[in-house]
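Dear colleague,

I am passing on a structure that you have not worked with before, and below it I set out what was found. Please keep it open beside this message as you read.

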Amino acid sequence: MNITPKNNIQKFNQFLFDEIDLDLYKYKFLNDYIRKATKGLAPLYDLSVLNTSENGWILILHGDVLLVYGDNWNENQIQEINEVFDLNKFTNFSLCGDNELIDKLIEFYQPKNFEIEKRRVLYSADEITSFNAENMKIQNGSLDKLNELAVMLQEYYHEEYNGLNDKTIEEMRERIISIIQTKKIFILLDRNENLLSFCTIIDPDIGIIFTKTEHRNKGYGKIILSYCSQLLQEKNVIVYVMTDREKMESNIVCNAVGFKPYYNYIQTKINCG
């Protein structure tokens with residue numbers, strides 16, 4: 001059964017807020033967008049559609065991007081969605097969400113082209129492996145390391161998005177100041193107080209992990225990730241982290257610390273050009 005904001009806004013919203021557990025980590029981006037939309041900070045349009053069956057559901061939420069999620073869905077539901085929704089009406093539009101479901105939608109609608117912008121792996125862990133940090137120190141980030149951390153964060157964005165999402169150093173300084181003030185950043189130092197790596201905490205998930213280029217492949221990422229993950233585990237039991245599927249080093253570190261993959265996320269642009 002198709003439910004759209006046009007034909008039944010009350011039922012659409014009721015399912016969205018009452019039947020989908022938006023607090024689940026796999027719905028992180030969906031939840032963030034809906035929160036922004038309810039505050040008037042992001043648009044929601046009436047081309048959205050929800051399809052429900054006896055056992056599962058598919059949601060396509062139309063905003064700045066198409067947010068695509070589902071649970072226990074089947075391909076017959078995509079056929080039903082096609083009665084009220086045409087993916088090929090969207091040009092230069094990004095689909096973000098459930099990897100398997102978006103792949104099936106692209107297979108069904110056959111857009112003229114598509115470009116994968118990002119594939120992410122979401123991990124969870126309830127047992128964290130510890131690593132020896134002898135002769136090293138882990139502490140909260142402090143303002144005396146502000147400029148160094150801002151440069152590292154700038155380099156992170158350049159690497160993570162292959163130069164397509166570069167940030168100014170002023171933006172990064174403001175970001176670092178904020179997370180230092182909220183005590184959400186931890187740094188790894190060697191015996192000479194040289195900064196090696198940092199890790200941010202969002203709660204219940206790990207945020208950004210970054211090791212200086214000249215200090216990589218020495219196990220520092222595992223040390224700082226393990227430390228921060230244990231902090232979160234003490235509070236929440238289960239810890240989450242997200243990686244770029246194509247960044248093999250990050251995935252190796254996560255597996256070594258005890259994280260197991262449980263959800264695949266994709267961002268794909270369709271009908272480009």
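Before the sheets are described, one term is needed: two strands are said to pair if DSSP finds at least two bridges between them. Please also bear in mind that this is a predicted model.

With that in hand, the smaller topic can come first, namely the open sheet of four strands, which has the order 7-8-9-10 and antiparallel pairing. Strand 7 (137-140) and strand 10 stand at its edges with a single partner strand each, so one side of each is left without a neighbour in the sheet. Neighbouring strands of this sheet are turned by 20° against each other on average, if direction is ignored. Helix 7 (residues 220-236) packs on the sheet and touches strand 7, strand 8 (185-189), strand 9 and strand 10, while its direction makes about 30° with that of strand 9.

Within this sheet, strand 9 (residues 195-201) and strand 10 (residues 206-211) pair in the antiparallel sense over four bridges. F198 stands opposite F210 in strand 10, and the bridge partner of I201 in strand 10 is I206. The two strands form a hairpin with four residues between them, and D203 in the turn has a positive phi of about 75°.

D203 appears again in the second largest pocket, whose lining includes I202, D203, P204 and D205 together with L22, D23, L24, Y25, K28, N31, D32 and R35. This pocket has a volume of about 200 Å³, and by class its lining has five nonpolar, one polar and six charged residues.

The other sheet to look at is an open one formed by eight strands in the order 1-2-3-4-5-12-6-11, with mixed pairing. Here strand 1 (2-3) and strand 11 (239-244) stand at the edges, and each has a single partner strand, so one side of each is left without a neighbour in the sheet. Strand 3 (residues 57-62) and strand 4 (residues 66-71) pair in the antiparallel sense over six bridges, with L61 standing opposite L67 in strand 4. Helix 2 (residues 28-38) lies across strand 3, strand 4, strand 6 (114-125), strand 11 and strand 12 (260-270), and runs at about 130° to strand 4.

With best regards

Technical notes:
Residues numbered from 1 in each chain as written. Predicted model: local features only at pLDDT ≥ 70, side-chain atom pairs only at ≥ 80, totals over all residues. Heavy atoms only, no water. Contact = heavy atoms within 4.5 Å. Axes fitted to C-alpha atoms, helices over the stretch in contact; angles between N-to-C directions. 1 Å grid on protein atoms, 1.4 Å probe; cavity = no way out; pocket = protein on both sides within 12 Å on 5 of 7 lines; lining within 4 Å. Points joined across faces, edges and corners; volume = space filled by probe spheres on them. Nonpolar A, V, L, I, M, F, W, Y, C, P; charged D, E, K, R; others polar.
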